[in-house]
Amino acid sequence: MKPLGRHVLAEIYGCDFEILNDVKKVEEIMVNAALESGAEVREYVFHKFSPQGVSGVVVISESHLAIHTWPELGYAAVDVFTCGDSVNPWDACNFLTREFGAKDMSAQETKRGILPGMAPHLVAANS
């Protein structure tokens, strides 16, 4: 495979209800997780669900961080996708785990890219 990026999918358990249900706090923690991992933040959007839960995305120059929270379960589903070698997605996941007051995190990393024999088709920009 010609690797283009690293994608970490994290299940974060035992998180603080109040943090996971506070859209501004989740936004602040996610943006800081991106910065802590060395990423360059481009933009972000977060939404608070009723009666509870937050979803959001931080777009970084190196790809993205995304989250969906279930405060009533103390659970957050997170994915961190980074391209290049300058950002470590595990730094962001570990930061999130700490800042959410989590008791446990389970995560796996998948290399993303072009598989052998799957040559990309080049497409002209204005065709």
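This report describes two residues of strand β4 and a nonpolar surface patch in a predicted model.

## Thr69 in strand β4

Strand β4 spans residues 63-70, and Thr69 is one of the residues that lie in it. Thr69 has a relative accessible area of 6%, which is under the 20% limit, and therefore counts as buried.

The side chain of Thr69 comes to 3.0 Å from the backbone oxygen of Leu20, and Leu20 also appears among the residues that Thr69 touches once those up to four places away in sequence are set aside. The other residues touched by Thr69 on that basis are Gly53, Val54, Tyr75 and Ala76.

## Ser63 and its annotation

Ser63 lies in strand β4 as well, and an unreviewed UniProt entry lists Ser63 under "modified residue: Pyruvic acid (Ser)". In the model, Ser63 has a relative accessible area of 19%, and because buried means under 20%, Ser63 is classed as buried.

When neighbours within four places in sequence are left aside, the contacts of Ser63 are with Val58, Phe81, Thr82 and Cys83.

## A nonpolar patch at the surface

Met1, Leu115 and Met118 together make a nonpolar surface patch of about 320 Å². Of these residues, Met118 is found in the segment that follows strand β6, which covers residues 104-114.

Met118 has a relative accessibility of 54%, and since the cut-off for exposed is over 50%, Met118 counts as exposed, whereas Thr69 is buried and Ser63 is likewise buried.

Conventions
Residues numbered from 1 in each chain as written. Predicted model: local features only at pLDDT ≥ 70, side-chain atom pairs only at ≥ 80, totals over all residues. Heavy atoms only, no water. Helix = DSSP H or I, 4+ residues; strand = E, 2+ residues; numbered from the N terminus. Buried < 20%, exposed > 50% of the residue type's maximum accessible area, 1.4 Å probe, protein only. Polar contact = N/O pair within 3.5 Å; in protein donor to acceptor, adjacent residues only side chain to side chain. Contact = heavy atoms within 4.5 Å. UniProt positions renumbered as here; feature names shortened; annotations may be inferred. Patch = residues over 30% accessible without salt bridge, like charges linked within 9 Å, V, L, I, M, F, W, Y side chains within 5 Å. Areas by Shrake-Rupley, 256 points an atom, 1.4 Å probe, with all protein chains shown as cover. Salt bridge = Lys/Arg side-chain N within 4 Å of Asp/Glu carboxyl O.
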